[in-house]
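These are my notes from going through the model. I began with the domains, then turned to a single chain, and ended with the contact between the chains.

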Amino acid sequence: MTASLGAPRSQAIVAAVAFLLGLLVVVQIRSQAGNNTLAGMSSQDLTFLVANLNTRNDQLRREIATLQSQLATLESGGSLGASSVNELRAEIDRIRAWAGLDPVRGRGITITVSGPIAASAVEDLVNELKNAGAEAISIEDIRVVPQTVIGGVAGSLSVDDTALGESFTIRAIGTPETLTGSLARAGGIIAQLAATDPAARIDVEEASRMILPATTRNLAPSHGRPRA
Amino acid sequence: MTTLAGRLRAIPTWQVTLGLALFALGFLIAAQLAAEGPRVRYTTQERSPLVGTALELQQKQVELRAQIVTLGEDIQALQDEGEGTTAIVRQLNDRLEAARIAAGLIPLSGPGLVLSLSDSTQAIPADGSEADYLVTARDIRTVVAELWLASAEAIAVNGERVTTSTGVLDIGHSILVNSAYLAPPYRVSAIGPQDLLDQLGLSQGWREFIQTRAGRFGLEITFAEPEVVAVPQFAGGLNLRESRVVPPESPSP
């Protein structure tokens with residue numbers, strides 16, 4: 001008995017083998033790709049990652065608790081009453097404060113930057129504050145929102161087209177000890193900037209109370225539309 | 001010899017094809033098993049317990065974020081139901097929706113572009129630094145800043161929405177965005193005006209970035225302009241432990 005590739009049974013066998021082959025190629029590639037991420041990290045990086053993930057997961061749990069409380073109020077039939085109105089107002093306040101649409105107050109730190117410093121160095125400082133858990137940030141009287149970009153050259157920087165002087169302040173609301181600790185740790189951003197921008201002086205002071213202004217930007221999109 | 005060659009020629013083509021495919025299959029199964037073995041050993045014996053902890057925490061983070069998205073959707077659905085009740089609730093729901101959109105808590109779609117950044121494949125010179133040939137957090141921050149300057153209005157990096165609290169930092173050879181661990185290639189999706197790419201090209205900072213990072217160090221930077229760019233919502237916590245809203249100033253007596 002002879003068989004040819006044209007025979008249905010042969011075609012089925014080849015198809016099955018080709019399918020398995022394809023499947024294994026994909027599995028192999030994916031397993032290799034996933035394997036070289038965490039495995040290549042130093043212990044220091046892993047420690048940092050674990051601490052970061054822990055902090056982040058705690059924030060997520062708090063957010064879940066807030067949302068569950070809102071949901072419970074709505075489900076209890078309060079959507080027609082005063083409790084719903086209060087709940088809605090509180091949620092609007094919470095989101096607007098977080099987004100930079102409303103002024104906020106609280107304790108935090110004030111960073112005074114004096115002398116010539118690169119725009120990228122100021123971006124790095126702001127980025128470090130965000131990573132350290134700053135809840136709201138302003139540079140002079142400009143509230144930092146996602147669209148805020150620091151431009152210019154050392155000595156004549158600007159934020160959102162507003163010129164910064166030779167000396168300016170960055171204020172951040174958050175746990176002062178955590179923020180200060182993150183900036184001033186050995187090998188941290190202040191130590192790095194001392195090497196890259198030696199002419200600049202950076203002083204950090206804890207503040208028990210500060211008020212950060214709202215952004216003057218319109219954050220409503222005009223090209224993007226909400227997706228269902 | 002002639003007989004052997006003749007026999008080989010007599011083998012049907014499909015059998016040769018099948019034979020080759022089976023050989024490749026066997027090779028891949030062996031490779032997969034070989035790859036699994038050391039990984040299991042590495043996980044259980046040699047790998048630091050930190051890796052296991054990091055993997056567990058990452059998995060937990062994915063679950064928590066999914067829970068936040070679901071809760072947000074449930075809340076929105078209930079609030080939408082209540083929309084038709086009273087004028088005040090309708091008004092507040094509208095304000096809430098506007099605040100969520102402005103804050104990046106609602107997914108958006110619209111015109112824009114998608115940039116992709118990958119590590120360089122160039123050989124690193126003996127006196128070169130490996131970091132120069134990798135996509136770094138600063139590269140991502142530069143791209144995001146240039147997109148904002150070009151009038152982008154919503155940006156995500158590998159599905160992580162850039163919001164007011166978004167920090168981007170290096171960790172090992174990868175990057176954390178919103179504390180989510182991302183690996184290359186990095187896809188930066190931006191919604192903005194139709195001429196977003198043209199605006200980007202006009203920027204001196206963008207041109208210098210391309211010249212240095214792509215031209216000199218060989219980072220692979222590509223772009224696409226799909227008809228619709230989708231940017232997901234921020235699926236994280238609104239960290240406001242120390243902040244209090246400042247009540248509007250009461251009118252002077």
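I looked up the spacing of the two domains of chain A in this predicted model: the centres of domain 1 and domain 2 of chain A, taken over C-alpha atoms, are 27 Å apart. I noted the bounds from the domain assignment, which places domain 1 of chain A at 43-99 and domain 2 of chain A at 104-212.

I turned next to chain B. I recorded 7 helices and 11 strands in chain B. I also checked burial, and 36% of the 253 residues of chain B count as buried. I then examined how far apart in sequence the contacting residues of chain B lie. Among contacts in chain B with a separation of 6 or more, 77% are between residues 24 or more positions apart.

I then asked how many residues each chain brings to the contact. Chain A contributes 92 residues and chain B contributes 94 residues. On the side of chain B that touches chain A, I found that helix α3 (residues 49-81) of chain B supplies the largest share, 20 residues. I sorted that side of chain B by class and obtained 54 nonpolar, 29 polar and 11 charged residues.

Last, I looked for strand pairing across the two chains. Strand β9 (residues 225-226) of chain A and strand β1 (residues 108-110) of chain B run antiparallel and are joined by 2 bridges. Which residue of β1(B) is the bridge partner of A:P226? I identified the partner as B:L108.

Technical notes. Residues are numbered from 1 along each chain as its sequence is written. Chains are lettered from A and ligands numbered from 1 in the order in which they are written. This is a predicted model: local features need pLDDT of at least 70, side-chain atom pairs count only at pLDDT 80 or more; totals for chains, interfaces and linings use all residues. Helices (H or I, at least four residues) and strands (E, at least two) are DSSP runs, numbered from the N terminus. A residue is buried if 20 or more other C-beta atoms lie within 10 Å of its own, exposed if 12 or fewer, and partly exposed in between; C-beta atoms are placed from the backbone. Two residues are in contact if their C-beta atoms, placed from the backbone, lie within 7 Å. Ala, Val, Leu, Ile, Met, Phe, Trp, Tyr, Cys and Pro count as nonpolar, Asp, Glu, Lys and Arg as charged, and the others, Gly among them, as polar. Two strands pair if DSSP finds at least two bridges between them. Domain bounds come from an automatic or database domain assignment.
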